[in-house]
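Here are a few exercises to work through with the model open beside you. Try each one before reading the solution.

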Amino acid sequence: MSSVAETRAFEAEVSQVLHLVTHSLYSHKEIFLRELISNASDACDKLRFAALSDASLTADDAELRIEITVDRDARTLTIRDNGIGMGRDEVVENIGTIARSGTRKFLESLSGDARKDTQLIGQFGVGFYSAFIVADKVTLVTRKAGAPAGEGVRWESAGSGQYTLETVEAPQRGTTVTLHLKADEGEFLDNWKLRELIKRYSDHVAFPIRLPVQKDGKPTDEFETVNHAAALWTRPKSELKDEDYQAFYKSLSHDFNDALAWTHNRVEGSQSYTLLLYVPEKPPFDAVFSGRDERHGLKLYIRRVFIMDASEQLLPNYLRFVRGVVDSDDLPLNVSREILQDNRLVAQIRSACVKRTLDLLEKLAKDAPEKFQQFTNAFGNVLKEGIAEDGANRERIAKLLRFASTHGEGADKNVSLDDYIGRMQAGQDAIWYITADSHAAAKGSPQIEALRAKGIEVLLLSDRIDEWMIGYLGEYAGKKLRNAAKGDLDLGQADEEARKKVEAAAQPLLKKLADLLGARVGEVRVSHRLVDSPSCLVLGEHDMALHMQRLLREAGHDMPGGEPILEINPAHPLVRQLEAESDETRAADLGQLLFEEAQLAAGDQLDDPAAFIARVNRLLHA
Ligand code: ADP
């Protein structure tokens, strides 16, 4: 019984992805096999899970497996699984569309650079379409487990805009994908080549991957298993090589890059489980990662049966970069998402995931500083969220953060709070930092001049999350974190007497400036933090940095906030000039300029740029 074939067009986005896949993935063409085997393995996982509640699904053919065959004359390569299979609607949904929410963003983000695109594709898991790298036609025949033989579905496409769909007779459940290989892809008809690729990329797949036994260079009807066919995490660590872990990581995460590090543990005790957690090298490109969407990446197995992706239940948000597997011996197989939310065993596993991840990062920081630097560059800002999110581990997380600093090199974020404390000067009781909206602005902040002059280190924070994160951190190892641009700063450079004298002498000038600037400043005072600059703005201890206030205001938030304090440096020639100026107009110009310069240095915007320019021009021209 076979219906008339129906021809349908791919969604526009699928066509774009297909085009991209075939053109840019060519340098990694053999990955198509890993992707198709990975789909077959997922299908077997899903059937095993479904069979927990309906044993009849696998009753006729219990051994889940993947078989790979070639037909040299027809030049076809076939990957067949006896997994869950698909119904007609599912074929249309899964193979004819790209259901993933981030796809549009992904397409928008594509550059012409093929290598970069290649990596993005990997992270989007366009798995099935990778078949078109080596095939000019792909035929998929599938039957859903439990459906009658008459409900098979045949899908076929040459990968150019459309596909055909047909209901066919399918004697067995599961999915068969047949690749009609392009003229120059004959190597994938070779038994040894296939065997080698399976060993390299798919050895860890938990189901047997079988190839026909060869006799006199020809395939027989007998099959042999060529992969290890045991879930990787159940194997003893001593037996596993780095390559094994990396290959497993890649098929788990759809990442083209290696994992940076991993931790593999078997826990036996009041409950038993296995954890295999990976930290990637690079952030994946997807909307999920930015935290706006449902998270994925950590798979929950129960006694070797895949249950669901449980990233949200097993990892806090600030560790959302972790990929891996949790395999529990004790959770009930019929566990639901709701049960996971509120289960004592799950809570224990979750805190073990956090602990093991932090252990892993600490070890990396200690033993592999270069790798840890890569981690910081990729995920340092995500980890910072943990300072607010995970109060119980705040100190451990803070220890793992790295910052740029006046004592560090360039803009590199490689100074830890412990490094800082180790370099603190005698009598120094605070960890000084400054925030700005760029590294250059932080580094050039006038507010840190006196600290610099005394050789006191200042952390230079320029990520948007920093200001917020520091608010939660407050102190580290008993040392307060202090913002160099807030509150009073007195390093005790001058004795009390001398200070009082300077302040008294500056009174008329301070008054003049206060009158001139009116409500734009909260106060005008003599600065103890300036050396080279004539003026700077300072905030109250609890005010938000000016660049943050501006960001929030731009985002439509009402930001009352106290007016900034203008501090001036009475020793600066420009300030002296202002003091001595007898021409009222010029004095007013200079006074405004002191304030405007301070605004610019603080990353604030000028109230009236045109007036500022006119003022500078008047002063320059005089
Ligand atoms: P991904 O595997 O990343 O979801 P694919 O494009 O490889 O993306 O596959 C899309 C979907 O098609 C899969 O999520 C799955 O639902 C379905 N699918 C693909 N291959 C198979 C298969 N061998 N058996 C059952 N379903 C499959």
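**Exercise 1.** Which residues in H18 are buried?

*Solution.* Keep in mind that this is a predicted model.
- Step 1: find helix H18 at residues 496-517.
- Step 2: apply the cut-off, where buried means under 20% relative accessible area.
- Step 3: read off the residues that pass, namely Arg 499, Ala 506, Leu 509, Leu 510, Leu 513 and Leu 517.
- Step 4: look at what covers them; the cover includes strands E20 (523-526) and E22 (565-568), along with helices H20 (573-580) and H21 (584-601).

**Exercise 2.** Follow H18 along its axis, find where it kinks, and then see what follows the helix.

*Solution.*
- Step 1: the kink, of about 50°, is at Gln 507.
- Step 2: check the sequence there, and you will meet the proline Pro 508 shortly after the kink.
- Step 3: continue past the end of H18 to Gly 518, which has a positive phi near 55°.

**Exercise 3.** Now turn to helix H17 and list its buried residues.

*Solution.*
- Step 1: locate H17 at residues 464-473.
- Step 2: its buried residues are Ile 465, Asp 466, Glu 467, Met 469, Ile 470 and Leu 473.
- Step 3: step just beyond the helix, where Gly 474 has a positive phi of about 70°.

**Exercise 4.** Describe the second largest pocket: its volume, its lining and the domains that contribute.

*Solution.*
- Step 1: the volume is about 400 Å³.
- Step 2: 14 residues line this pocket, and those nearest its centre are Tyr 433, Gly 471, Lys 486, Glu 541 and His 542.
- Step 3: sort the lining by class, which gives 6 charged, 4 polar and 4 nonpolar residues.
- Step 4: ask which elements take part; H17 and strand E19 (479-483) each give at least two lining residues, and E19 has the largest share, with 4.
- Step 5: place the pocket among the domains; domain 3 (402-484) and domain 4 (489-622) each provide at least three lining residues.

**Exercise 5.** How far apart are the centres of domain 2 and domain 4?

*Solution.*
- Step 1: take the bounds from the domain assignment, 233-375 for domain 2 and 489-622 for domain 4.
- Step 2: the distance between their centres, taken over C-alpha atoms, is 52 Å.

**Exercise 6.** Is Ala 611 buried, partly exposed or exposed?

*Solution.*
- Step 1: Ala 611 sits in helix H22 (residues 609-621).
- Step 2: its relative accessible area is 24%.
- Step 3: buried requires under 20% and exposed over 50%, so Ala 611 counts as partly exposed.
- Step 4: for a sense of distance, Glu 35 lies 63 Å from Ala 611, C-alpha to C-alpha, with their positions 576 residues apart in sequence.

Notes:
Residues are numbered from 1 along each chain as its sequence is written. This is a predicted model: local features need pLDDT of at least 70, side-chain atom pairs count only at pLDDT 80 or more; totals for chains, interfaces and linings use all residues. Side-chain values use heavy atoms; hydrogens and water are left out. Buried means under 20% relative accessible area, exposed over 50%, partly exposed in between (1.4 Å probe, protein chains only). The bend at a residue is the angle between axes fitted to the seven residues ending there and the seven starting there. Contact means heavy atoms within 4.5 Å. On a 1 Å grid over the protein atoms alone, a cavity is a set of points where a 1.4 Å probe fits but cannot get out, and a pocket is an open set with protein on both sides within 12 Å along at least five of seven lines; lining residues have an atom within 4 Å of a point. Grid points are joined across faces, edges and corners, and a volume is the space filled by probe spheres set on the points. Ala, Val, Leu, Ile, Met, Phe, Trp, Tyr, Cys and Pro count as nonpolar, Asp, Glu, Lys and Arg as charged, and the others, Gly among them, as polar. Domain bounds come from an automatic or database domain assignment.
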